[in-house]
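User: Could you take a close look at one helix for me? I'd like to know which way its residues face and what they pack against.

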Amino acid sequence: MSEKHFRGIAEYTPEMQQFRDRYRDWKKYRKEENSPFFILYKDFQDEHLKKISGGALKLFIYLGFNTNNFTGECWLSSSEIAAYFGNDSRTIKNWFAELESLGLLKRIQTGFKRKANSFLQPYGDGSHTDD
């Protein structure tokens with residue numbers, strides 16, 4: 001590969017190519033292994049990234065990894081999540097409330113002292129389709 005320059009600085013160095021190759025190989029490996037993943041679409045950046053707090057973002061990603069990919073549903077309790085993050089349940093409940101206020105999550109509790117079902121909500125293009 002010929003070395004290109006931008007304002008006198010090499011755009012492509014051997015070290016940079018090693019990082020590109022490493023990332024490409026990692027993605028290929030993960031795809032071949034069919035590893036579980038959680039997708040954030042570009043709409044998330046456009047609609048929510050500047051508004052969401054760090055804690056709520058961590059919770060959103062955590063829920064994404066622990067959600068049924070076909071239904072968007074998760075059954076983890078606030079106390080289970082609090083134990084994972086090393087926070088108290090009140091903090092987690094505040095993060096849940098923030099996600100709900102942003103329209104990213106809906107929680108439904110079907111009885112007293114029962115775990116709430118958490119449903120990740122669609123966002124961006126295609127999120128308002130008619131049934």
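Analyst: Here's a walk around helix α4 and the core beside it. Keep in mind that this is a predicted model.

Helix α4 covers residues 78-85, and its buried residues are Ser78, Ile81, Ala82 and Phe85. Those four span an arc of only 105° around the axis, so they sit on the same side of α4. That fits the usual helix geometry: with 3.6 residues a turn, residues three or four places apart point the same way. Flip to the face turned away from the buried side and you'll find Ala83 and Tyr84, both exposed. Just after the helix comes Gly86, with a positive phi near 75°.

So what does the buried side lean on? The buried residues of α4 pack against three elements: α3 (54-65), α5 (89-101) and β4 (105-109).

Now zoom out a little to the core. The largest nonpolar core holds 20 residues, and Ile81 is listed with Leu63 and Leu99 as having the most contacts inside it. Helices α3, α4 and α5 each put in at least two residues, with α3 giving the most, at 5.

Leu63 is worth a click too. Skipping residues up to four places away in sequence, Leu63 touches Ile81, and also Cys74, Phe96, Leu99, Leu105 and Leu120. That contact list includes both Ile81 and Leu99, the other two residues named for the most contacts in the core.

Note on methods. Residues numbered from 1 in each chain as written. Predicted model: local features only at pLDDT ≥ 70, side-chain atom pairs only at ≥ 80, totals over all residues. Heavy atoms only, no water. Buried < 20%, exposed > 50% of the residue type's maximum accessible area, 1.4 Å probe, protein only. Arc of directions from axis to C-beta. Contact = heavy atoms within 4.5 Å. Core = buried A, V, L, I, M, F, W, Y, C linked by side-chain atoms within 4.5 Å.
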